[in-house]
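This report introduces a structure to a reader who has not met it before. It takes up helix packing, salt bridges and a few single residues in turn.

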Amino acid sequence: MLREDRYAQLIEVASRIVVEDGIGALTMEGLATKAKISKPVVYSHFVDRNDLLGQLIQAYWREHDAYVPSEPEPGENIADFTRRSTDAHFEFVTSRSHPIRQLIRRSFDDPAIAHIVAQRENEVVAQLATFAVEHGGLNETEAQAAATVSLGALRAASVAAAADPARTETLKAAYIAVSDRLLRLN
């Protein structure tokens with residue numbers, strides 16, 4: 001099997017272990033057993049369990065980023081882009097029972113995961129802040145603060161929507177209203 005195919009297989013098997021047996025069941029040995037390969041093959045792809053967890057989280061974000069638009073379409077106004085990207089984000093988090101959300105929620109308990117999540121959140125805040133400067137007319141300091149609060153609101157609304165999909169439309173509308181005001185996009 002090609003290296004990238006084996007990597008994809010291991011990520012998929014690791015995700016399945018988390019879904020079926022919980023995060024605690026994910027070990028390098030358990031992954032090797034479930035994937036029907038040797039432990040050295042697993043270690044050739046991941047340094048240790050923390051590296052595996054980090055790679056799982058990064059695979060989730062790659063899937064998310066491929067699904068959610070990050071730039072307005074030519075001629076699209078900012079309000080329409082915000083709604084379109086927010087719709088895609090909420091559809092992504094509510095239509096998939098993704099095991100990695102469990103890892104992200106546990107990030108406060110595990111310093112290795114917390115570091116990975118913090119890196120991603122810093123990237124998202126920087127992207128939102130740039131967007132707010134360019135389209136909302138905020139200065140850098142205001143944009144950083146507004147982006148941080150906006151991300152916190154998105155995280156809270158996403159967790160609530162994943163837990164109770166029936167509330168998704170209400171949560172999405174509330175997030176858009178808060179975010180538009182914070183980032184001065186309307």
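Are α8 and α9 roughly parallel or roughly antiparallel to each other? The model is a predicted one, and in it the axes of α8 and α9 come within 10 Å and cross at roughly 180°. An angle over 145 degrees counts as roughly antiparallel, and α8 and α9 are therefore roughly antiparallel to each other.

## Helix packing

On the α8 side, the contact with α9 is made by A146, A147, V149, S150, A153, L154, A157, A160 and A161. Their counterparts in α9 are T168, L171, Y175, V178, S179, L182 and L183. By class, the residues of this contact divide into 13 nonpolar, 3 polar and no charged.

Helix α8 also packs against α7: the two axes come within 8 Å and cross at roughly 125°. That angle makes α7 oblique to α8. The crossing of α7 and α8 is right-handed. From α7, the residues in the contact are E121, V124, V125, A126, L128, A129, A132 and V133. From α8, they are E140, A143, Q144, A147, T148, S150, L151 and R155. This contact of α7 with α8 has 10 nonpolar, 3 polar and 3 charged residues.

One residue of the α8 contact with α9 can be followed further. A161 lies in helix α8 and is among the residues that meet α9. Is A161 buried or exposed? Its relative accessibility is 0%, so A161 counts as buried. Apart from neighbours within four places in sequence, A161 is in contact with F90, T94, T168 and L171. Of these partners, T168 and L171 also appear on the α9 side of the helix contact. By C-alpha position, A161 and P111 are 26 Å apart in space, with their places 50 residues apart in sequence.

## Salt bridges

How many salt bridges does the count give? The count comes to 10 salt bridges. Three of the pairs are set out below, with the N to O distance for each.

| Acidic residue | Basic residue | N to O distance |
|---|---|---|
| E12 | R16 | 3.0 Å |
| D180 | R83 | 3.5 Å |
| E121 | R155 | 2.9 Å |

The pair of E12 and R16 lies within one helix, α1 (residues 3–21), where the two residues are 4 apart, about one turn of the helix. E12 has 42% relative accessibility and so counts as partly exposed. R16, at 34%, likewise counts as partly exposed.

A salt bridge also joins the side chains of D180 and R83. This pair links distant parts of the chain, with D180 in helix α9 (residues 168–183) and R83 in helix α5 (residues 78–95), 97 residues apart. D180 has a relative accessibility of 2% and counts as buried, whereas R83, at 34%, counts as partly exposed.

The side chains of E121 and R155 meet in a salt bridge as well. E121 belongs to helix α7 (residues 111–136) and R155 to helix α8 (residues 140–163), so the pair ties together parts that are 34 residues apart in sequence. Both residues are also listed in the contact of α7 with α8. E121 counts as partly exposed at 22% relative accessibility, and R155 counts as partly exposed at 35%. Elsewhere, E20, D21 and K34 are joined into one network by salt bridges that share partners.

## Two loop residues

Where does E71 lie? E71 is placed in the loop between α4 (49–67) and α5. With 54% relative accessibility, E71 counts as exposed. Leaving aside neighbours within four places in sequence, E71 is in contact with F81 and R84. The C-alpha atoms of E71 and F131 are separated by 9.5 Å, although the two residues are 60 apart along the chain.

K36 lies in another loop, the one between α2 (28–35) and α3 (39–45). K36 is exposed, with a relative accessible area of 76%. Most residues other than glycine have a negative phi. K36 is not a glycine, yet it has a positive phi of about 60°.

Terms used:
Residues numbered from 1 in each chain as written. Predicted model: local features only at pLDDT ≥ 70, side-chain atom pairs only at ≥ 80, totals over all residues. Heavy atoms only, no water. Salt bridge = Lys/Arg side-chain N within 4 Å of Asp/Glu carboxyl O. Buried < 20%, exposed > 50% of the residue type's maximum accessible area, 1.4 Å probe, protein only. Contact = heavy atoms within 4.5 Å. Axes fitted to C-alpha atoms, helices over the stretch in contact; angles between N-to-C directions. Parallel < 35°, antiparallel > 145°, perpendicular 65-115°, else oblique. Left-handed = near helix turned anticlockwise from the far one by under 90°. Nonpolar A, V, L, I, M, F, W, Y, C, P; charged D, E, K, R; others polar.
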